[in-house]
Amino acid sequence: MKVVAAYLLAVLGGNTSPTARDIRTILASVGAEAEDEKIELLLSQVKGKDIAEVVACGREKMASLPARGVVAAAVGVLTAGGGDASAATAALAAAEAKKEEKKEDVEDSDDDICFTLFDE
């Protein structure tokens, strides 16, 4: 994941075609290291592709994930700048609603506890 993040940082910084050296430099600036195989794998998979298209493709795949995927897809829409902000807001609201619903279920289960820490 850190290799992908470093690659995206390089692209956001204006380097449309980052090299393995660029990625290693970015990672070293924060005290991180990465395996050369992972860097080369990423570079081979994105070679010749527009990063905005790669992000859009990933966003489509993440749309089928549970709530966390919805949040990530919505963030992808906002950061890619190619989507509708209202759609991203709706996705975030739906994810938050699921999170609240799950939280309420957990609280309900606490009502069935028949003891306390101070029972004799």
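The following passage describes the fold, the surface and one charged pair of a predicted model. Residues are numbered from 1 along each chain as its sequence is written. Local features were accepted at pLDDT of at least 70 and side-chain atom pairs at pLDDT 80 or more, whereas totals for chains, interfaces and linings use all residues, and side-chain values rest on heavy atoms, with hydrogens and water left out.

The chain contains six helices and zero strands, where helices (H or I, at least four residues) and strands (E, at least two) are DSSP runs numbered from the N terminus. Of the 120 residues, 18% are buried, that is, under 20% relative accessible area, with exposed set at over 50% and partly exposed in between (1.4 Å probe, protein chains only). Among contacts (heavy atoms within 4.5 Å) with a separation of 6 or more, 37% join residues 24 or more positions apart.

About 9200 Å² of the chain is exposed, 58% of it supplied by carbon and sulfur atoms, as computed by the Shrake-Rupley method with a 1.4 Å probe, for which only the protein chains shown count as cover for residues. Val4, located in helix α1 (residues 2-12), is partly exposed at 35% relative accessibility.

One salt bridge was counted, defined as a side-chain nitrogen of Lys or Arg within 4 Å of a carboxyl oxygen of Asp or Glu. This salt bridge joins the side chains of Arg24 and Asp36 at 3.1 Å, N to O, and thereby links helix α2 (residues 20-29), which holds Arg24, to helix α3 (residues 36-46), which holds Asp36, the two residues being twelve apart. Arg24 is partly exposed at a relative accessible area of 35%, and Asp36 is likewise partly exposed, at 39%.
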